Amino acid sequence: METALQIILSVFRQAWAALVIFIVSVGVLAMLAQILRTIGASAIGAHIWVYESIGSIASVLILVLIAFVGIPPIVKAISAAVPGDPGCGPISELGMFASGLIAAIAGVRMLLAFARTIGGAAIGGTAQVAQALAEVVEAVFGMLLAGVVIPLIGLFIGVCH
Amino acid sequence: MGFSLAANIYQQVLVRASSMNSLLYDGTGPGIFGPIMDRITLLARDLWGVLVGLIIIAATLAMIISVLRGTGGMLVGGSKETTVAVVSIVGVVLLVVVAFVAIPQLANLLKSLQPAAPF
């Protein structure tokens, strides 16, 4: 189980690295595009566009910083919140496997949600930070289920003593 | 007999999975996502070039428009119009400096902040 978990986690780590590169690329291109918009707006005297462009640059920068600085501690915290050795026998192994997998999926989903948000902010669309936060809650609930509730069920049905 | 067969199958799966693990990820790059990331990086570089070209064109046109506006203002004695035109030229130059100097520095900053996978 441990080997299988490591293989799956390595794939998720690669996805994480790819998403990080994608976020950097999109963020930098978004800032450059907003500078272009600012120059165009200032050429035709559109002040509101200038304000919007500067706001978009700031928001993209803040979103990238939140994604890079905020998400890893959240994932580490929800990983650390799961008991180290839940239940007994196969339940313990399955619980550890599921919680490790859910932590990886949660991390990648959160980063993906922020990537979508940054992409949306880059083209002046709506932000989806709320969805990213909802995915955090989903992840915490899933890890709670895998790490705590399954061993409790094992105890309840008499598998673990 | 059935149990030993299951154990053998499990061992074979582990061996194959271990070899697949080294095939998928060598610890240096994005692994199976490498080809996708190469394409995204290539596309991003092309887009960067396009945007830089567009910024140069837009800045040049904006400065020409401002010079025209300032000249027109001087012609009709509109000192405020000329002042606004001069300030616009300075603003465009500042924006170009931000685009070509500050954004690459910000990109380097963001690259240095790239987090490793926390799981």
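1. pLDDT is the predictor's confidence in each residue, from 0 to 100. This is a predicted model, in which local features need pLDDT of at least 70 and side-chain atom pairs count only at pLDDT 80 or more, while totals for chains, interfaces and linings use all residues. Residues are numbered from 1 along each chain as its sequence is written, and chains are lettered from A, with ligands numbered from 1, in the order in which they are written.

2. Scores to start with: ipTM is 0.72 and pTM is 0.77. Chain A has a mean pLDDT of 80, with 86% of its residues at 70 or more. Among the elements of chain A, α4 (residues 129–157) has the lowest mean pLDDT, 72, and α1(A) the highest, 88. Helices here are DSSP runs (H or I, at least four residues), as are strands (E, at least two), numbered from the N terminus.

3. Chain B averages 79, and 75% of its residues score at least 70. Its elements run from α1(B), with the lowest mean pLDDT (51), to α2(B), with the highest (90). Over residues 16–28 of chain B the pLDDT is below 50, and this stretch has 15 contacts in the model beyond near neighbours in sequence. Where pLDDT is low, the predicted coordinates should not be read in detail.

4. Now the interface. Chain A and chain B each put 43 residues into the contact, where two residues count as in contact if their C-beta atoms, placed from the backbone, lie within 7 Å. On the chain B side, α1 (2–24), α2 (34–75) and α3 (79–112) give two or more residues. The largest share, 15 residues, comes from α2(B). By class, the chain B side has 35 nonpolar, seven polar and one charged residues. (Ala, Val, Leu, Ile, Met, Phe, Trp, Tyr, Cys and Pro count as nonpolar, Asp, Glu, Lys and Arg as charged, and the others, Gly among them, as polar.)

5. Have a look at α1(A), which covers residues 2–44 and has 43 residues. From first C-alpha to last it reaches 62 Å, close to the 63 Å expected at 1.5 Å a residue; that expected span is 1.5 Å times one less than the number of residues. After α1(A) comes A:Gly45, with a positive phi near 75°.

6. How do α1(A) and α2(B) cross? Their axes come within 9 Å and cross at roughly 15°, with axes being lines fitted to C-alpha atoms, for helices over the stretch in contact, and angles running from 0 to 180 degrees between N-to-C directions. The two helices are therefore roughly parallel to each other (under 35 degrees; over 145 is roughly antiparallel, 65 to 115 roughly perpendicular and the rest oblique). The crossing is left-handed, meaning the near helix is turned anticlockwise from the far one by less than a right angle; clockwise would be right-handed. Their contact residues divide into 24 nonpolar, four polar and no charged.

7. Against α3(B), α1(A) packs at about 175°, with the axes 10 Å apart, so α1(A) and α3(B) are roughly antiparallel to each other. Residues of α1(A) in this contact include A:Val24, A:Gly27 and A:Met31, and those of α3(B) include B:Leu95, B:Ile103 and B:Lys111. The class split is 14 nonpolar, five polar and one charged.

8. Within chain B, the axes of α2(B) and α3(B) come within 7 Å and cross at roughly 165°, so this pair is roughly antiparallel. Their crossing is left-handed. Among the residues making the contact are B:Ile55, B:Met63 and B:Arg69 of α2(B), and B:Glu81, B:Val86 and B:Ile89 of α3(B). The tally is twelve nonpolar, six polar and two charged residues.
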